[in-house]
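Welcome, and thanks for taking a look at this one. Here is a short briefing to read alongside the model.

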Amino acid sequence: MTAARWVVPAEERTVADTAEALFRSTFGGAADGVWAAPGRVNLIGEHVDYAGGLVLPFALPYVTVVAVRVRDDGILHAVSTHTGESWRGALADVAPGHPSGWAAYVAGVAWALRRSGLLTAGTGFEVAVHSTVPVGSGLSSSAALECAFALAVADLAGLPTDESGRRPLIDASIRAENEIAGASTGGMDQSVAMLARPGHALLLDCRDGASRHVPLDFRSAGARLVVVDTNAPHRLVDGQYGNRRAAVEKACADLGVATLRDVADADAAVAALSSPAAQRARHVLGEIGRVREVADLLDRGRIADLGDALNRSHASLRDDYEVSSVELDSAVDAAVEAGAWGARMTGGGFGGSAIALVPLDRVDAVTENIVRRAESASLPTPQFLSAEPSGSAHRL
Ligand code: ADP
Ligand code: MG
């Protein structure tokens with residue numbers, strides 16, 4: 001039998017030690033401080049954040065750590081254990097597409113904070129990054145990086161970092177990703193990285209930014225939420241994500257609403273649209289309803305009853321929104337076949353990760369079946385991550 005490979009979350013202090021060691025070897029001396037922000041999975045509410053919908057993500061026990069020291073010359077110098085390549089440049093020169101590559105996620109945050117008047121022109125930074133969030137797996141390593149750095153900048157500038165102080169940091173992180181890195185994502189990832197609470201999911205209303213913490217305790221329900229990283233990298237920047245966003249905007253224009261959330265009669269709206277806008281809208285409207293359904297079940301402590309909504313979410317993403325992939329479908333089908341209560345792709349799709357809600361006594365059978373199916377179809381071998389609902393960005 002094929003053994004499933006689990007990625008055990010490292011102690012945060014160990015992750016920080018690596019970031020600090022990289023800092024010392026690159027810049028000399030000690031950092032001013034060390035900050036961490038988590039990756040996330042979305043329990044349900046996929047591809048609805050940019051439609052003003054509801055989403056229900058939670059933070060993972062995998063973090064990105066930044067060790068940061070202030071400079072007084074407006075220069076950013078950043079290194080990461082992930083890439084090995086450093087970037088050094090003037091923050092005044094940061095603009096859409098510059099820098100390109102990973103440094104955009106760091107420089108973009110500083111750029112956005114300067115534009116909103118929260119960061120003075122002379123301030124620069126030395127930054128060393130180390131992460132245990134799998135990169136490019138749909139678990140939001142990008143927002144973890146942005147939010148860890150945004151919190152560092154705020155702390156070092158003496159700005160408030162309570163919940164309301166975090167709102168402009170969330171906005172800066174979103175702008176960094178959209179405008180400087182050029183990845184047209186919604187705001188879910190940054191919100192949960194900044195606002196998550198241990199043992200809870202974050203019910204986030206993407207129309208007005210309001211959020212509520214919903215208790216989420218898989219263990220007490222005799223279950224485990226298994227994250228399946230398919231090891232097929234998701235590819236959000238290649239146009240598919242933007243294409244879906246454009247389809248949603250077109251549907252809104254045709255229906256005369258600001259966001260699909262504002263649609264009163266879902267069936268009538270879908271009937272009024274032509275293909276494929278009708279299918280795209282049907283997914284978004286159905287998915288917003290499923291988020292309400294799942295939040296309601298969680299409020300009543302009925303975790304064992306979530307599976308059906310997860311399965312319907314996956315079918316809708318696969319058939320109506322067409323953002324799944326052969327790797328994700330394989331993982332989801334194998335999970336349900338081996339006894340998961342429910343499973344779905346999570347994140348943007350086109351590769352990346354899936355989640356499966358699994359009773360404790362079926363965890364081995366489910367993970368082994370997922371690996372077996374992938375291998376027999378010559379797909380990359382998936383790996384598995386624990387999904388204990390964890391806390392938000394913080395200083396160590
Ligand atoms: P995801 O957020 O799902 O992991 P994205 O494509 O949104 O995937 O973001 C991945 C990108 O974020 C990487 O290609 C890299 O540019 C940047 N990134 C994330 N984590 C790190 C890290 N630890 N070091 C350097 N770059 C990172
Ligand atoms: Mg991302």
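What follows is a tour of annotated spans, strands, sheet packing and aromatic contacts.

This is a predicted model, so side-chain atom pairs count only at pLDDT 80 or more. Two annotated domains come from UniProt: "GHMP kinase N-terminal" at residues 105-195 and "GHMP kinase C-terminal" at residues 296-370. A good place to begin after those is strand β5, where six of six residues are buried.

**Annotated spans**

- The N-terminal annotation, from an unreviewed UniProt entry, covers residues 105-195; this span is 58% helix and 9% strand. Its end C-alpha atoms lie 19 Å apart.
- The C-terminal annotation, likewise marked as an unreviewed entry, covers residues 296-370. Here the make-up is 49% helix and 16% strand, with 30 Å between the end C-alpha atoms.

**Strand β5 and its two partners**

- Strand β5 spans residues 75-80 and is mostly covered. I75, H77 and V79 point one way, while L76, A78 and S80 point the other way, and all are buried.
- In general, side chains in a regular strand alternate between the two faces of the sheet.
- Which strand pairs with β5 in the antiparallel sense? That partner is β6 (residues 87-90), joined to β5 over four bridges, with H77 standing opposite R88.
- Six residues lie between the strands in the β5-β6 hairpin, and G84 takes a positive phi near 75° there.
- β7 (residues 124-131) pairs with β5 in the parallel sense, over five bridges. S80 has V129 of β7 as its bridge partner.

**The five-strand open sheet**

- Five strands make up an open sheet with mixed pairing, in the order β1-β13-β10-β12-β11.
- β1 (6-7) and β11 (342-346) stand at the edges with a single partner strand each, so one side of each has no neighbour in the sheet.
- At the β1 edge, two bridges join β1 to β13 (residues 383-386), and these strands run parallel. V7 is matched with L385 as its bridge partner in β13.
- Helix α9 (residues 307-319) packs on this sheet, touching β11 and β12 (353-359). The direction of α9 makes about 40° with that of β11.
- Helix α11 (residues 363-376) lies across β1, β10 (223-229), β12 and β13. Relative to β10, α11 runs at about 15°.

**Aromatic pairs and a charge over a ring**

- How many aromatic pairs does a search of the whole structure find? The search finds five, including the pair of Y50 and Y241.
- Y50 and Y241 meet edge-to-face, with 5.5 Å centre to centre and 65° between the planes. Y50 lies in the loop between β2 (33-42) and β3 (54-55) and Y241 in helix α6 (residues 240-255), so the pair ties together parts that are 191 residues apart in sequence. Both tyrosines, Y50 and Y241, are buried.
- F125 and F149 have ring centres 5.4 Å apart and planes at 85°, so this pair is edge-to-face. The F125-F149 pair links strand β7, which holds F125, to helix α3 (residues 141-156), which holds F149, across 24 residues. F125 and F149 are both buried.
- R224 lies over the face of W6, at 4.4 Å from the ring centre.

How values were computed:
Residues numbered from 1 in each chain as written. Chains lettered and ligands numbered in written order. Predicted model: local features only at pLDDT ≥ 70, side-chain atom pairs only at ≥ 80, totals over all residues. Heavy atoms only, no water. UniProt positions renumbered as here; feature names shortened; annotations may be inferred. Buried < 20%, exposed > 50% of the residue type's maximum accessible area, 1.4 Å probe, protein only. Pairing = 2+ DSSP bridges. Phe/Tyr/Trp six-rings, centres within 6.5 Å; stacked < 30°, edge-to-face > 60°. Lys NZ or Arg CZ within 6 Å of the ring centre and 35° of its normal. Contact = heavy atoms within 4.5 Å. Axes fitted to C-alpha atoms, helices over the stretch in contact; angles between N-to-C directions.
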